[in-house]
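Student: I am new to this structure and would like a close look at a single part of it. Could you walk me through the place where the ligands sit?

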Amino acid sequence: MAIMTPPTPHSKLKAWVDEMARLCQPDKIVWIDGSEAEKKRLEEEAIASGEVIRLNDKLFPGCLYSRTALNDVARTEHLTYICSKTKADVGPNNNWMAPEEGYRRAGEIFKGSMKGRTMYVIPFSMGVVGSPFSKIGVELTDSIYVVLNMRIMTRVGKKVLEQLGADGEFTKCLHGKADLDVNKRLILHFPEDNTIWSVGSGYGGNALLGKKCLALRIASHLARKEGWLAEHMLILGIEKGGKTEYITAAFPSACGKTNLAMMIPPEGLKHKGYKIWTVGDDIAWLRVGPDGRLWAMNPEYGFFGVAPGTNAKSNPTALATIKKNTIFTNVALTKEGGVWWEDGEGPAPAECLDWQGKPWHPGMKDAQGKAIPAAHPNSRFTAPASQCPSISPEWENPKGVPISAIVFGGRRERVAPLVYEAFDWNHGVYVGATVASERTAAQVGKLGEVRRDPMAMLPFCGYNMADYFGHWLDMGKRIPKPPKIFHVNWFRKGSNGKFLWPGFGDNLRVVEWILSRTRGEGEAQKTPIGWVPTPEALDLSGLSLPEGAMDQLLSVDRDDWVQEVDSHNKYFDTFDGRIPAELRRQQAALKDRLKEAVAA
Ligand code: SAT
Ligand code: MN
């Protein structure tokens, strides 16, 4: 085995790399330093091996194109486990495997799996290197694609090793492609050992271990221990009149977090002079600041966004961000060496190669007569956050930004109104704990199926969600000046089956109301479920909605909600008596309010 002298005095790190190399038996070990020269070398190697293709440098300077294996296109939640000591510790929201069994089963797959391959050692920091709020991980991987993506999504290399010093704490992350066989795929988290083992997948959330695995599953566990919150949230700054206020928002995967984080004010509100600043689009780490407010930081360094649906209307900021130095995965490849996806820019190319590498032309149908998409619905771009035209000047502030409002949301055709405000922190935790959403292409499974996705963390909470709700309730006691909590639903449909709300930039109208409420302004009416804007409270200038749309959007249907509130209790029942009493109390209080409202 070719041995490069490890560029670190950290003996535990070196010993662990040695041990993992003995297990996986790579031909070579390469320590990632994060330099430009290294990037060039890796890209050339990956192009030579056919793992990636360079796009036309005139159209897409510095961009790469990649395809995953056909069975490896989304997170595989059914193969994702939390390996804590007991099953009760991980709850019904996670798959559980005993730690010894996890190491044994994955170990068998890892064994010798890097023969003939290189093992890359990627020291990475989630958060600004050196911030007391950041966490360091080291990922070992046999995938150059993973290395190239991690270089965009996290801060990597020499500076991280320097920060780690001789004995710093780090999360041990082992990743291997093995045979990319779904039957030999496991994504395992060992919170008690601060360790992640992922084998058999090369896809984003399964393989870029800094993201969902560390920054959410392991971090949520650490956050509970250390008294903070690791959340599946975007962070957004809204500037007006020289003052910037910040909100976070938690939506399930592929429900528009990236679009909201990069939104452009709609024409009708232009005269107000808003400027939107992007701090993060997927993950927020939140802590109580010395001023008693909640402060949020984005632990990531790039965006891993859904490509289909990204166009000059939906998200011009994202389009500008991905013009250069971006990796495209599972989109369509055009003859000119460019990329295309459904609902993207311009008409479909007359011919191209689809995400599987097969010739494609518009109008192609499968055996069932269903349109064959050129790009996979969960195809992605990986782009440096620094390239985003709306990136906040504060995005690398090691302290984060102060949060005025927390927004929860899901994708629901019915039931949930466009927006409502929780009565207080504990009620807000209840609202977050009972979020439901229709399944999207970001997870393997049945599209459209409604599932509870509390705080958009269902697939990402590294421990029993009942205890997680308890932690949220606890945090409320520790934040002297808590942000207000809201719920939004951009996806409500009218009786004609069409979306009622235009979404995208027009969402600023809702955000504007949310911020006004945090300042004690903004008109609202009290409903059983929370404060809902009065019909005049949202500034709709320049927006023409169909007759009656606003009433439908803001309506709280009692029958729907009576059913909804019963299903909350059934959901809570799945936690074997571990649900905090306060949430049961909230459920009963909501039920009472609904009864009173019916009687009134
Ligand atoms: O694939 S990822 O998990 O990184 C993206 C997502 O599902 O949110
Ligand atoms: Mn996400």
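Which oxygen distance links a polar side-chain atom of Ser 253 to ligand 1, and how many Å is it?

Tutor: Happy to help! This is a predicted model, where local features need pLDDT of at least 70, side-chain atom pairs count only at pLDDT 80 or more, and totals for chains, interfaces and linings use all residues. Residues are numbered from 1 along each chain as its sequence is written, chains are lettered from A and ligands numbered from 1 in the order in which they are written, and side-chain values use heavy atoms, with hydrogens and water left out.

Now to your question: a polar atom in the side chain of Ser 253 is 2.7 Å from an oxygen atom of ligand 1. That is a polar contact (a pair of N or O atoms within 3.5 Å). Tyr 203 offers another, with a side-chain N or O atom 2.8 Å from an oxygen of ligand 1, and for Lys 212 the distance from a polar side-chain atom to a ligand 1 oxygen is 3.0 Å. On its own, ligand 1 has 250 Å² of accessible area, and the protein covers 98% of this; the areas come from the Shrake-Rupley method with a 1.4 Å probe.

Stepping back, 9 residues surround ligand 1, and Arg 75 and Gly 205 are among the closest. Here a residue counts if one of its heavy atoms lies within 4 Å. Sorted by class, this shell has 4 charged, 3 nonpolar and 2 polar residues. In that sorting, Asp, Glu, Lys and Arg are charged, Ala, Val, Leu, Ile, Met, Phe, Trp, Tyr, Cys and Pro are nonpolar, and the others, Gly among them, are polar.

Lys 212 brings us to ligand 2, a manganese ion, since its NZ is one of the protein donors, alongside NE2 of His 232 and OD of Asp 282, at 2.0 to 2.2 Å. Donors are N, O and S atoms within 2.8 Å of the metal (3.2 Å for Na, K and Ca), and water is not among the atoms, so sites may look incomplete. Along the sequence, the donor residues follow the spacing K-x19-H-x49-D. Lys 212 belongs to helix α8 (residues 210–226), while His 232, 20 residues apart from Lys 212, is in the loop between β12 (229–231) and β13 (233–240). Helices (H or I, at least four residues) and strands (E, at least two) are DSSP runs, numbered from the N terminus.

Are these two donors buried or exposed? Lys 212 is buried, at 5% relative accessibility, and His 232 is buried too, at 0%. Buried means under 20% relative accessible area, exposed over 50%, and partly exposed in between (1.4 Å probe, protein chains only).

Methods: A polar contact is a pair of N or O atoms within 3.5 Å; within protein, one must be able to donate a hydrogen and the other to accept it, and residues adjacent in sequence count only if both atoms are side-chain atoms.
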